[in-house]
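Q: I would like to go through a chain with you, starting with its overall fold and moving on to its empty spaces and its rings. Could you put it up first?

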Amino acid sequence: MKRIALIIIALFIVTLLNAQDTIQRKNYIATFTSAPPVIDGSVEDEAWLKGSWGGDFSQFEPNNGSKPAQQTEFKVLFDDNNIYVLVKAYDTEPDSIVRRISRRDNGDGDFVGISFDSYHDRQTGFVFASNAAGVKNDFIWARDGQIEDDTWDPIWFTAAKLYDWGWAAEMRIPLTQLRFRISDTGVWGLEVFRNLFRTQETSVWQPIDRNSSGLVHNFGEMTGMTGIKPRKQADITPFVVGSIETFEKEEGNPFATGKGWKYNGGLDAKFGITNNMTLDLTVNPDFGQVEADPSEVNLTAYETFFEEKRPFFIEGKNITSFRTGLGDGDIGYDNLFYSRRIGRSPHLGADTEDNEYVREPRSTPIISAAKLTGKTPDGLSIGIVEAVTAEGRAEIDSLGDRSWQTVEPLTNYFVSRVMKDFNGGKTVIGGAFTNTHRFLEKSGIDGLVRNANTAGIDFMHSFGEDRDWFVSFNGAVSNLSGSEEAIRDLQESSVHLFQRPDADYLEVDPTRTSLNGFGGNIQAGKTGGHWNFMAFSYVKSPGFDLNDVGYLQSADAIISGLWSAYSFDKPFSIFRRIRPNGNLWTGWDFGGTHLFTGGNLSLYVQFKNLWYLSFGGNYEGNSISNTILRGGPSMLWPSYKSMYLYMGTSSSKKVYTSLWTNYSKGGEESSRRLSGGFELTVKPGQSFTATVSPSWSRNMNTLQYVKHIDDGDRYVLARIDQQIVSMSLRLSYNITPDLTLQYWGQPFLAAMDYSRFKVVTNPSAERLTDRYHELTASELSYDATDNIYNVDDNYDGIWEYSFDNPDNNYDQFLSNLVARWEFRPGSTIYLVWSQTRNYGDSTGSFSLRQNIDNLYTEKKPYDVFLVKFTYRFGLR
């Protein structure tokens, strides 16, 4: 009993010590004004005679804690409706100030900024920054700065001006754009920072250890904000859009006339429900101004993850995210909420007969969506998304008669997320729940999940004097229900593969009408200080599935690993920063089979001239793949090793570049890949930027999946020789921060040549060549007329089976030109031209000239010319 009592007392003392605030915080007193300044960048405004100056900045980087090369000072005033900020950035070399005009949130050059921890929860910082040309940059530091959400676009005002002593920036920040705690003391967290672009020196008002585990908990304090009252935001922004499309005309096809007109209208709205809660609404949204996804060739069985680009869904995404995955690879995308599901391309295609033509929707129309986000004064964060998408219908013409088929049912999506901070943000407990419901009645669709629920809980605790150490956990469950057909298809999908013949712990149950699973991860480690490390484990049960409104590539895995890194961040010799890094990982399936073990080592070096170099290598031994045969038996997979090299010059120059190359090789000569590219950016003046990024890759894989032949249960593989050449060109001309012209273009040329076809015979054989039988010329015959391969593997003169020739070329050129004018805050006109050129054939041969010619000598491109007008009505 004494021992237990001593342990309890010790834990109690440790907890008390852990709760102590040992940071020496600066304090700034804000001043009330009844005569606010005009925001024009002028420091001579009489309003700035009031108040006290804050200063005495210190370096954040490169020489953490040292005196900065240039001095900075600031003032903060406020009235009943706004906060006013003036920052004076002194510079002994004013001719060297970099002053570039760019689009909002793409700030370039010298800049200053201020961050308010207006909740005073030491977790959340609202950041407002301006560069020397008056370009805005705003974002939210969430979870103590571990998440930077630059999708937040409040309405505020700034101006900058040059002087012989340096430059200055003025800001007016309406209280309607800030969420804050109402208190008698009026204490907020505060940080002011400056970046000297030519040397990439960052200085801060409140000193922060560069190796700290977070940012916001290190802020200084601002007092004097007593008496301010919340100002609820209320904005309505209707829009109208019209477009004309031109495309290849097809004789006899009533849907391919070569030209089409479209028009649309809707509205967006934002209301402050309380001081801390904001409701966003969108009705019949249109995202025609959003840039297209980049081209790709996906030869796997898995869905590609694409980043969200639609403004309604990206703003505040950190609040609604519940990530079950780990790291920054494929499993890092696993999340209960993947907003690209809302408005996705239809699940199904139309069934047509000969002499029928069809017009299918490219995406599912969103009827409306609502989003409630915010954080209460006691630290409860809430994020709720509700969206409804319309029934997607394909129109079919049969000799003049029209009919329709449903290719996507009417669907409701619901996402909720809550998190509660304790002990100044050192402990966070949260939960999430999502629901997807498809209204399949009278739709004629029986093969989709009708109802999908996911739920999760998470926990994170930081400890140590500077919150250097942490432990975290999250767990989630999924429940999907539907018809027997829908659940059978789900069991046999690439996510689950229950039909694998050698997985004795799995089976396809054709009578099931629901599927359940669980997943989650646990992590512990040290993120503060020079030395960082983490141990982790991630579990996904065979029935775990998030893909109705979330994202999950595959289930049935237990992955564990270790990570460690050390930062040498005090400049010495020619080095500014050095960071070695190492990982070790291993994995099993739920049948207890050990699947893989691997690791990597890497090194990042930044030099004092701001050039950088990064290189490393991975190695994974022989592994077992449960997925390569896509529902077939597990197969022994050869080891592989890879190496990479990245290097680049200083981005503070008008011309800079980066180079990269990757090389990987599989054991027993099973695969080989070489890729490389570079990026060149040129900034010849104050307003124009051009970036070109060509890349090339060549891939050889002797075990590329081709087809499963039901007759005889054969799995056909082949050697693939794949070559891809692509280039991204981005041009940006910024007439003013609110009037911009941007172009993005990407030619993408790919050729896939298949040869040396083989049939799997013994997938677990020790030698690679014993795992398959390579089809000989006497067994394999190519039919050029039908473009198929026929196989006679018993030499009786009768084809046992056949498969399509998988050789193919895929060429695409995407172009997007956008003129954007924000003629008043929140009100914008867009002029958009987008073009898509596609070409494909079954040659499999690569010729740079021929592939490019194909894009311009074949069918007419698909062009869209669009005009969109939005106008914001501020109701308060």
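A: The exchange that follows takes up the overall chain, then a cavity, a pocket and the aromatic rings.

Q: What should I know about the model and its numbering?
A: This is a predicted model, in which local features need pLDDT of at least 70, side-chain atom pairs count only at pLDDT 80 or more, and totals for chains, interfaces and linings use all residues. Residues are numbered from 1 along each chain as its sequence is written, and side-chain values use heavy atoms, with hydrogens and water left out.

Q: How many helices and strands are there in the chain?
A: The chain has 5 helices and 48 strands; these are DSSP runs numbered from the N terminus, with helices (H or I) of at least four residues and strands (E) of at least two.

Q: What is the radius of gyration of the chain?
A: It is 30 Å, which agrees with the value near 29 Å for a compact globule of 876 residues. The radius is taken over C-alpha atoms, and the globule rule is 2.2 Å times the number of residues to the power 0.38. Along its principal axes the C-alpha trace spans about 100 × 80 × 55 Å.

Q: And what share of the residues counts as buried?
A: Of the 876 residues, 51% count as buried. Buried means under 20% relative accessible area, exposed over 50%, and partly exposed in between, with a 1.4 Å probe and protein chains only.

Q: Changing topic: how many cavities of 30 Å³ or more are there?
A: The count comes to 4. On a 1 Å grid over the protein atoms alone, a cavity is a set of points where a 1.4 Å probe fits but cannot get out, a pocket is an open set with protein on both sides within 12 Å along at least five of seven lines, and lining residues have an atom within 4 Å of a point. Grid points are joined across faces, edges and corners, and a volume is the space filled by probe spheres set on the points.

Q: Which residues line the second largest cavity?
A: Its lining consists of Phe312, Phe313, Glu315, Gly316, Lys317, Thr320, Phe337, Lys371 and Val385. Helix H2 (311-314) and helix H3 (317-320) are the elements that give two or more residues to this lining. The space inside is about 50 Å³.

Q: What about the second largest pocket: what is its volume?
A: The volume is about 620 Å³. Of its 25 lining residues, His347, Leu490, Ser493, Val495 and Asn547 lie nearest the centre. Helix H4 (residues 484-491) gives the most to the lining, with 3 residues.

Q: On to the rings. How many aromatic pairs are there?
A: There are 43 aromatic pairs. Rings of Phe, Tyr and Trp (its six-membered ring) pair if their centres lie within 6.5 Å; planes under 30 degrees apart count as stacked, over 60 as edge-to-face and the rest as tilted. Phe572 and Phe575, for instance, form a tilted pair, 5.3 Å centre to centre with 45° between the planes.

Q: Are Phe572 and Phe575 buried or exposed?
A: Phe572 is partly exposed, at a relative accessible area of 40%, and Phe575 is partly exposed at 22%.

Q: How is the pair of Phe748 and Tyr810 arranged, and what does it link?
A: Phe748 and Tyr810 are edge-to-face, 6.2 Å centre to centre with 65° between the planes. The pair links distant parts of the chain, with Phe748 in strand E40 (residues 739-760) and Tyr810 in strand E45 (residues 808-824), 62 residues apart. Phe748 counts as buried at 5% relative accessibility, whereas Tyr810 is partly exposed at 27%.
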